[in-house]
Amino acid sequence: MEILVLIKQVPDDSVDIQLDPSTNAPKLDGVTPVTNAFDTYALEMATRFKEANGGTITLATIGDDGAVSSIKECLAVGGDKGFLIKDDSFADSDPAAKGYILSKAAAKLEELNGAKFDIIFAGKEATDFSKDLVPAYLAQELGVPVVSDVIAVDPADGGLLVKQETDTGYNMIDVATPCVLAIQKPDYDPRYPTIKNKMKARKAQVPVLTAADLGTEADKVGAAGSLTKTIGMHAPAKKQAGVKIVPPADVENPIAAATAQAVSIMAEAKVL
Amino acid sequence: MAEFGKVTPEIVEAIKAATAPNRVYFGADIIEDFSHDEMTIYGKKMPDVVVDATSTEEVSAVMKIAYDNDIPVTPRGAGTGLVGACVPIYGGIVINTTKMNKIESYDLDNFVVHVQCGVLLNDLAEDCTRQGLMYPPDPGEKFATLGGNVSTNAGGMRAVKYGATRDYVRAMTVVLPTGEITKFGSTVSKTSSGYSLLNLMIGSEGTLGIITELTLKIIPAPQETVSLVIPFEKLSDCIATVPKFKINHLNPQALEFMERAIVDVSERYVGKSVYPKALDGVEAGAYLLVTFDGDSKEELDNIIETASELALENEAIDVLVADTPAKIKDAWAARSSFLEAIKSESNWKDGEELIDECDVVVPLNEIAPYVEYVYQVGDKLGLRVESFGHAGDGNLHIYTIGDDKISLADFKASAEQFFDDIYAEAGRRGGLVSGEHAIGSAKMKYLENSVGATQMKIMQEIKKVFDPKMILNPGKVCYKL
Ligand SMILES: Cc1cc2nc3c(=O)[nH]c(=O)nc-3n(C[C@H](O)[C@H](O)[C@H](O)COP(=O)(O)OP(=O)(O)OC[C@H]3O[C@@H](n4cnc5c(N)ncnc54)[C@H](O)[C@@H]3O)c2cc1C
């Protein structure tokens, strides 16, 4: 199977990021760039799929030169080759424009690989802006099916059997290839690279594909090709400090006393 | 001093007047937490009064009242200790320092930070990180107070490169058992000015004075860090690799060894599996977790390459690289949860948790044979033993855990037999009783066996000079009543 895994470099999501009051943009100084966590799950799932069923994994990211480090990281844990998609005209692209750019990239990579992709894996969202839309726009551009919140995938009857997580459980979905799968956190964690694979990946070449290479049209990328526009950013409202409930030490049943206190606090706040 | 004074309602009123009525707890208003630390097996005792102090002056005022009335006082940080050191075994007053939690100021010309003693390690660490700084001491429990860390001379993961808490204390304000306020040390980086009372205070477990303010050394944070998870088939190969890092000019920030069994316990507890259990058909029996820091990715790439070659030459099955913040965090999450994970598997009998611990430190070349010896003794006594440790420092944490078939009394008896034996063996191999968890009330016997009567006597006499009425944290470290 030919597999494409899409990745994005984002600021470390374990760090609490503030807005800079003077520019109203996120303050990212000193925040380590990392591979989007959901993309690392997508790659791990793709790698397990490849190990079980054979195939090759191509990696692609839209980003600047710094994103090469994410590609190299991914080359050490399952990716076979990686590409950086970079062009000034791609700046300010929204998810719709990115879906278009990635569809052109997929076509170009198929040409370079000499084979069509069977599955395109992507994270269900990127942890920076959590817009959740790129895989759907990409599938629309390619005219292929897309399944969101995927937590498992296996080959079945010439297509795939995909497990999709829902709020109440999961769905089992038959899907034809080629298709786009947007990956949710499965019940395993991404592997750690072995030192050998890491050293090999360090030396790997990561070719750059530009707008000219992809043949993207100017009015379909960047701000011009976007359906949405970010007009401002706001920090989320601060949560109020919680209330600690400590029952008096001398009561016979501290749990009952604490529960009674909690109920009266809620009654006072008119939530009951 | 044979008899302590009683805490009367008048004394409680005097304490309230010296502090604030809503910060003084008496009798039934005191919560049970104040009767123990993290190791309940060493016994519990409720204090008569708990005071949440907010300033040096308040601590001094309360201490004066106690001194005038011969009442025992136990300073308490976050109560995370592992040797019963903050347990008020003779009742009396507990001074809770956790409200003294202000990071007062940074002095970046001299690379020091001024804090109140109740600031949590985690809060200082995060505050430093935000400014590109690092407070290097890194004991496993991040929600302990800095006053507690200093009072136990806590070590932790990074001690192998950066040293223990002692190496980062420049000055402190102390309330003496008489209530007098004094200051030891200064911001300067070296001194040769008489006996170092500052160093005497560090690791004194609240028996000589109450630390209220601290001036701590900080350093610029290293730019990059990377961790290696190194699985070995055999524990002996794993431990034998430890000294080789230093010999080969590799200077890890942290170097921990852990056995397969405890990793399994911990991953079950954390709910995440990141350590490889088998590679190329070889089952992992033990792991090293190593962190390096440096100023550039390139520098670190070279270091981890050399370190990996070294590990592979020494029978490592493979070397895995935690090269992203998430992977580093996950690899360390399992390590940091060992104590909680062990506790989750232990049983309770008569309100005590069936778990006991020994925190010995032995010369590096003795780790492997010593650990082997420990397991033999454990087997002989039919005890479940788990061990891990700061391998780079020769500091081992050895736990024994009771199952549901054993009674509290039997568990205590066999744990004592076990520890008597393995502490003695550590001594024979040139080791010391405590690497970093200190003595408290739990390890006094082993301290005496280790240092002998003469040194115990010197410590007791020092204690008397500081505390003529023997009222500050009585029954700890060197002095039983
Ligand atoms: C999960 C876990 C992991 C740990 N890992 C490590 C580790 O890796 N390395 C290590 O070295 N330690 C480790 N520890 C022990 C830890 O360092 C201590 O628990 C901690 O330093 C105690 O701080 P505390 O504020 O909780 O003090 P407490 O437990 O409240 O008190 C400890 C002692 O200090 C005294 N004290 C507290 N504050 C003051 C003060 N202001 N003035 C005078 N005396 C005072 C008390 O009287 C008592 O004798 C670990 C503990 C736990 C629970």
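Colleague: How do the residues of the shell around the ligand divide into nonpolar, polar and charged?

Modeller: In this predicted model, the shell holds 12 nonpolar, 18 polar and six charged residues. Glycine is classed as polar, so G77(B), G140(B), G147(B), G148(B) and G206(B), the closest residues to the ligand, belong to the polar group.

Colleague: What makes a residue part of that shell, and how many residues surround the ligand?

Modeller: The C-beta atom has to lie within 6 Å of the ligand. By that cut-off, 36 residues surround it. The elements that give two or more of them are β3 (73-76), α4 (146-151) and β10 (210-217) of chain B. The most come from α4(B), which gives four residues.

Colleague: From which domains of chain B does the shell draw at least three residues each?

Modeller: From domain 1 (9-98 + 462-466) and domain 2 (103-220) of chain B.

Colleague: What sets helix α14 of chain B against a straight helix?

Modeller: The helix covers residues 444-466 and has 23 residues. At 1.5 Å a residue, a straight helix would reach 33 Å, whereas the end C-alpha atoms of α14(B) are only 20 Å apart. The span therefore falls short of the expected value.

Colleague: Where in α14(B) is the kink centred, and of how many degrees is it?

Modeller: The kink is centred on G452(B) and comes to about 110 degrees. The angle is taken between axes fitted to the seven residues ending there and the seven starting there.

Colleague: Which residues in α14(B) are buried, and what makes a residue count as such?

Modeller: A residue needs 20 or more other C-beta atoms within 10 Å of its own. Y446(B), L447(B), M459(B) and K463(B) are buried, so each of them reaches that count. Helix α13 (408-428) of chain B is included in what covers them.

Colleague: How many residues does each chain bring to the contact between A and B?

Modeller: Chain B brings 26 residues and chain A brings 20. On the side of chain B, α9 (297-313), β17 (320-322) and α10 (325-336) each give two or more residues. The largest share, five residues, comes from α10(B). That side divides into 12 nonpolar, four polar and 10 charged residues.

Colleague: What share of the contacts in chain A between residues at least 6 apart in sequence joins residues at least 24 apart?

Modeller: The share is 70%. The secondary structure of chain A comes to seven helices and 11 strands. Of its 272 residues, 37% count as buried.

How values were computed:
Residues numbered from 1 in each chain as written. Chains lettered and ligands numbered in written order. Predicted model: local features only at pLDDT ≥ 70, side-chain atom pairs only at ≥ 80, totals over all residues. Buried ≥ 20, exposed ≤ 12 C-beta atoms within 10 Å, placed from the backbone. Contact = placed C-beta atoms within 7 Å. Domains from an automatic or database assignment.
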